[in-house]
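Student: Could you take me through one part of this model up close?

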Amino acid sequence: MKRFAALYCELDQTTRTGEKVAALEAYFRDTSPFDAAWALHFLSGRSLPRAVATKNLWAWAAEEAALPPWLIQECHAAVGDTAETIALLLRNPGSHSSVSLAEVVEQRLLPLKTLPDGSRRELLLRTWRDLDQNERFVWNKMITGNFRLGVARTLVIRALAHVAGVDPSVMAHRVMGAWKPRGEDYLRIMSGAANEEEITKPYPFFLASPLEFKVAKGESLELLGQPDEWLIEWKWDGIRAQLIRRGGETLVWSRGDEMVSDAFPELIEAGHSLPEGTVLDGEILSWEVERPGPFAKLQRRLGRKKVTQRMRTDFPIAFVAYDLLETGGADIRSRPLDDRRCSLEALIVGSNERIRTSGTANASALFETPMFSGFEANTSTENPSPLRLSPIVPATSWAEVTRFQATARSLGVEGLMLKLRSSPYAVGRQRGDWWKWKIDPYVIDAVLILAQRGSGRRANLYTFGLWDNGKLVPVAKAYSGLTDAEILDVDAFVRRHSTEKFGPVRIVKPELVFELAFEGIHKSTRHKAGVAVRFPRMSRWRHDKKPEDADTLENLRAMANHENASA
Amino acid sequence: MLVTNTERGLFCAPGNFHIDPWKPVDLAVITHAHSDHARRGSRQYVTAEPGGLALQERLGPTARIETLPFGERSLRNGVAVSFHPAGHILGSAQIRVEYRGEVCVISGDYKTEFDGISGRFEPVRCHTFITESTFALPIYRWKPQAEIFLEINDWWRENQQKERTSVLFAYSLGKAQRVLSGLDASSGPIFLHEAVRKFVDVYARAGVILPGIESANAEKIKATRGRALVIAPASADNSPWLRKFGEVSTAFASGWMQVRGPRRRRSLDRGFVLSDHADWDGLLASIEATGAECIRATHGYTAPLVRWLRERGKDADAIKTHFESKNEDVAGDGATAEAEAEPKAP
């Protein structure tokens, strides 16, 4: 328990991911499998239900600390956290006990719930007396049922992968499987099974290079060669992902190297209709009957461990496939794109056919709209397949490509992708074969109103406001876009002109105006302004503008209305 | 009452002087040189002898300051005034006021643990005790400073292994010098922020010699990156000066670090619980030791302290101060309020 409490402190004391991973690694290396299993349980965000009613907890803490309840409540108000308050109030830490985490959980925490009040009190007091201050804090967190460790799942997986000596993708798969917080399960997670690497591993994503800068500089698209050498697709506003069907299992990997299978059960189901040994590259999109929906809706599905039927209905999704990396278990990335695309089309049509015939018999023709033709999909509303084919944009000249690019916003897509038909699926970003041509961002002029100190090496985060009835309402936060020299100037201004400080946040005299660029905008009830923008950044410092020249919130809302009407 | 609360601060009517006034007065009797106790603009100041230099530094060379050795009585209109060690910072004093047999003691800020440089706190018998209550909640209980110094020195060495400069934020007057006295100077070079350095000089002139300190020129800073320890006021966080030290690990030495929230809100790597104020047990023991039947609480968590004392049959009440959102530090660092770590007055 001491060791686990120390781990908690270490994780709590640093914001550096490297140090967090190192602390986790050290912990897993020198702890027993029984303890490690429980630690992993809590680190995976699997809390245990509350074991003691708050009322009893406070009463027994007051008794143990020999303080009146009102004073305990004053302390709670100052600290803001039940577990911490009680840990600070209890005296006489027991420093000699060396009870293990597994013992604490299995012999004290789990029985606690089932005991009658009297024995429960007795067990609780006895445990407090055995533990030191840090252990008491962690114990209190556990029994109040809201135990969280401030560490991302990917870091836990990275640490475990180091300890087990396997690739993080393999470890992610193991941890995602079914296991109970038992020593034997932990040992199984650490040892794993044979050939699992072949089953779980995604391919490195091939990335496109931005074309908009070249276009902005006036370079002609002609320099790319003949238009018919290029495959043109829409650039989707979703999550890039690989859908893997291997070993009778379906996995979904996002580009952030995160396994997101849990968040998208419909893709796992659809994966069953894919032939063994298939890897698709594509985009997970929010989906509204016949077209992509706003990214904000997709966000509602992310980071979920469990997705309810209700969420599937309210926030439907689709996987729009644009490449095939593996078929029949063979890596085909070196084959030309044209070739891969042919196989992809056959595969999606075939797979959806299988879904159709096994589901309702209400098959219909390929779905067609003038702009979005070619989404091969099952439009039977009873059981639509979320697997779709990314349509090819039917442009035959560079002029047409340019025209299509200009319509992107009204279609709810981010722009165009230009892929050389002869290109292999390479690794990382290799200029020349794949280009992305994004639409011009939205811009507004906003006033700097708050600055938040970045932690560690992170940049400062600025908050910007727009005018609404004579007041500046915060609309966006941004940290990037300026040159280092400009950032220094802004920081100097912030230091000289901050009027108040709340924690790391300074209120800044509203004087500096910046042009903010952003990619999307949608209505939001969670934001004070009623709208939220996507990927905001400082595109220009408007030295030429005074704060009163900044945009109004009404301008921004009008943009949102426009976007929502068109999306 | 011998001492009453007025809009200029605590006032002794028969003696016609103020104690730690926050507006200019004729005669200001000062407990210590932190800026929420020592304000500029009064005609004449009196303070305890070991604190005279720090007060001069705080108020500027033109302020008229008279000093009195600890324990020595001076008469003002028949009122006997004397200073008694408060253990808060160098020369900090409790002020004892006696008139026609009635004794009132104004504690100023105090701590009960002897830190080796700030004088040993001694409880003074009195009828009325006006006590600070900055940390008057039972969640605030301090460990001995020796333990905290060990933690700080360990942290410094850990940082050296990771090649990070250690930046320790501490109030420039008092806390910074106390920390300095506990550092293991053999570990590496120590740099001081200018705000800290000027008070280290004051301590030196008062005879308190602290471990060897490097002057912080650019060359030296560069050469000692990753090894040095820097003591700076919290207001220097994120300043260009601090960026010269390369990659850093930050920590804050303060009683407020007892609670996780304030530490995390400042996005610090570490918080060392080292306070120059009395903790809950220290406050209660000191109040008891004065034998006072009348207690007035000021500065901090006054309400819980008052209620606690009343439940034990004492005549207790709160005195409102000008510095409602006072913090352990408003002091050393001027107006750059450290108010964030300050809990709302209950």
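Student: At what angle do helix α5 of chain A and helix α9 of chain B pack, and how far apart are their axes?

Tutor: Sure. This is a predicted model, where local features need pLDDT of at least 70, side-chain atom pairs count only at pLDDT 80 or more, and totals for chains, interfaces and linings use all residues. Residues are numbered from 1 along each chain as its sequence is written, chains are lettered from A and ligands numbered from 1 in the order in which they are written, and side-chain values use heavy atoms, with hydrogens and water left out.

Now the helices (DSSP runs of H or I, at least four residues, numbered from the N terminus). α5(A) covers residues 69–79 and α9(B) covers 302–311; they pack at about 170 degrees, with axes 11 Å apart. Axes here are lines fitted to C-alpha atoms over the stretch in contact, and angles run from 0 to 180 degrees between N-to-C directions. So α5(A) is roughly antiparallel to α9(B), a label for angles over 145 degrees.

Who touches whom? On the α5(A) side the contact (heavy atoms within 4.5 Å) uses A:W70, A:L71 and A:E74, while α9(B) brings B:P304, B:R307, B:W308 and B:E311. By class, that contact has four nonpolar residues, three charged and no polar; Ala, Val, Leu, Ile, Met, Phe, Trp, Tyr, Cys and Pro count as nonpolar, Asp, Glu, Lys and Arg as charged, and the others, Gly among them, as polar.

Elsewhere, leaving aside neighbours within four places in sequence, A:F4 is in contact with residues including A:Y27, A:F42, A:M142 and A:L149.

Technical notes: Helices (H or I, at least four residues) and strands (E, at least two) are DSSP runs, numbered from the N terminus. Angles under 35 degrees count as roughly parallel, over 145 as roughly antiparallel, 65 to 115 as roughly perpendicular and the rest as oblique.
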